[in-house]
Amino acid sequence: MNTDQNLLTLKNCIGTTASYPLHSRTHTLKTFGDSQTSCFVKREDELGFGISGFKIRKYSSLIPHLLANKIKEAILIGGAYSNNIVGLTQLLIENSIQPTLFLHGDTQTKKIGNFLLTSLMVPNDSIHWVSRDEWPNVQEIAALYAKKRSKQTMIIPEGASVAESLPGALTLALDIVNNEVQLGKAFDHIFIDSGTGMMACATILAFAWLKKTTNFHVVLMAEEEREFLETLSDLKTQFESLIGAQMKWPFVKEKLKLYRPHVGRAFGSTNKTIFDEIRRIARTEGFLTDPVYSVKLFLESRRIITNEKIKGNCLIIHSGGGLTLMGFQDQLSQGV
Ligand SMILES: *Cc1c(COP(=O)(O)O)cnc(C)c1O
């Protein structure tokens, strides 16, 4: 099969998604790259104010699934400051699906940042706190709760990384292909961040299906390499059943590199370098980044491009997450 046919098959398999904004632009970066390396940013942050770019793509197939299955209550699992919790809650309320939250923490959790915004939408009696000791069993705790409900429920795990989000997640790859057509250039290297890994894996799988030779540099914010490769293998199976074809494995080995951030290695950890870079990018490039995902990706991309002497067209994907900044006002106001 030629690649045009593969593109058509991919589009057909994604099917109809909710009419959320799913096209983001790319533009050049001024302070990354050099005469032999052109760097571009894909502005997924521009897809929404309240919902991060990556997440709205997943929801574009997840929400239609919830509606088609007449789900009346969604049980969300995640951290108190999660982008997924604050994002998905908005669409659930819009669609008259009751959000019930199982959050990592306790009633003393500070109402700042994303949790402050979540608490504007969800009353206390719909929030169940799960302590650190109980957290490994949170799935069972949520399942026990779901069993007792008379309404039609669905449990949605961390990051909304469920099979029903995969078609929506795949729209990122299609949109990058659109960007390439618009720019009249192909990207040689793509830099992308990873939480649960769903967005990065979906994009890698779609590119492999389209027989593209792009190199992927994935910065793992929350996981080890082994966990990411397990996710890639699981999603490959899901992708193949969606597309109705098998793909050769390992199709991406020499095209895929995984990294942990050198600055702020632990998920959610921050330091002065991170806040300095947020300020630097804001002043030189003119956009805002967040301390949990995007700024770490930009810091790491610069390091990789320099150390590995990367040449050609590079695309750094700004995944969004700007609301997180609200929770870091003290750190941001120092050294201004
Ligand atoms: C959720 C999220 C990610 C990670 O997406 P995964 O599919 O979980 O890997 C990256 N950036 C932002 C801003 C996010 O909200």
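This is a short tour of the ligand and the pocket around it in a predicted model.

**Stop 1: the ligand.** Select the ligand and show the residues around it. There are 16 of them, and K55, G195, T196, G197 and S319 come nearest. By type, this shell holds 9 polar, 4 nonpolar and 3 charged residues.

**Stop 2: polar contacts.** Now bring up the side chain of K55: one of its N or O atoms is 2.7 Å from an oxygen atom of the ligand. Next, switch on the backbone of M198 and M199. A polar backbone atom of M199 is 3.0 Å from a ligand oxygen, and for M198 the corresponding distance is 3.4 Å. With the contacts on screen, consider the surface: taken alone, the ligand exposes 380 Å², and the protein buries 98% of that.

**Stop 3: the elements around the ligand.** Colour helix 2 (53-68), strand 7 (189-194) and helix 8 (198-209), each of which supplies at least two residues of the shell. Helix 2 gives the most, with 3 residues.

**Stop 4: the pocket.** Zoom out a little, since the ligand sits in the largest pocket. The volume of this pocket is about 1200 Å³. Of its 48 lining residues, select E158, G195, A222, F267 and Y293, the closest to the pocket centre. Elements giving two or more residues to the lining include strand 3 (73-79), helix 3 (83-94) and helix 4 (113-121). Finish on helix 9 (225-243), which gives the most to this lining, with 5 residues. Coloured by type, the lining shows 24 polar, 17 nonpolar and 7 charged residues.

Note on methods. Residues numbered from 1 in each chain as written. Predicted model: local features only at pLDDT ≥ 70, side-chain atom pairs only at ≥ 80, totals over all residues. Heavy atoms only, no water. Near = heavy atom within 4 Å. Polar contact = N/O pair within 3.5 Å; in protein donor to acceptor, adjacent residues only side chain to side chain. Areas by Shrake-Rupley, 256 points an atom, 1.4 Å probe, with all protein chains shown as cover. 1 Å grid on protein atoms, 1.4 Å probe; cavity = no way out; pocket = protein on both sides within 12 Å on 5 of 7 lines; lining within 4 Å. Sits in = over half its atoms within 2 Å of the grid points. Helix = DSSP H or I, 4+ residues; strand = E, 2+ residues; numbered from the N terminus. Nonpolar A, V, L, I, M, F, W, Y, C, P; charged D, E, K, R; others polar. Points joined across faces, edges and corners; volume = space filled by probe spheres on them.
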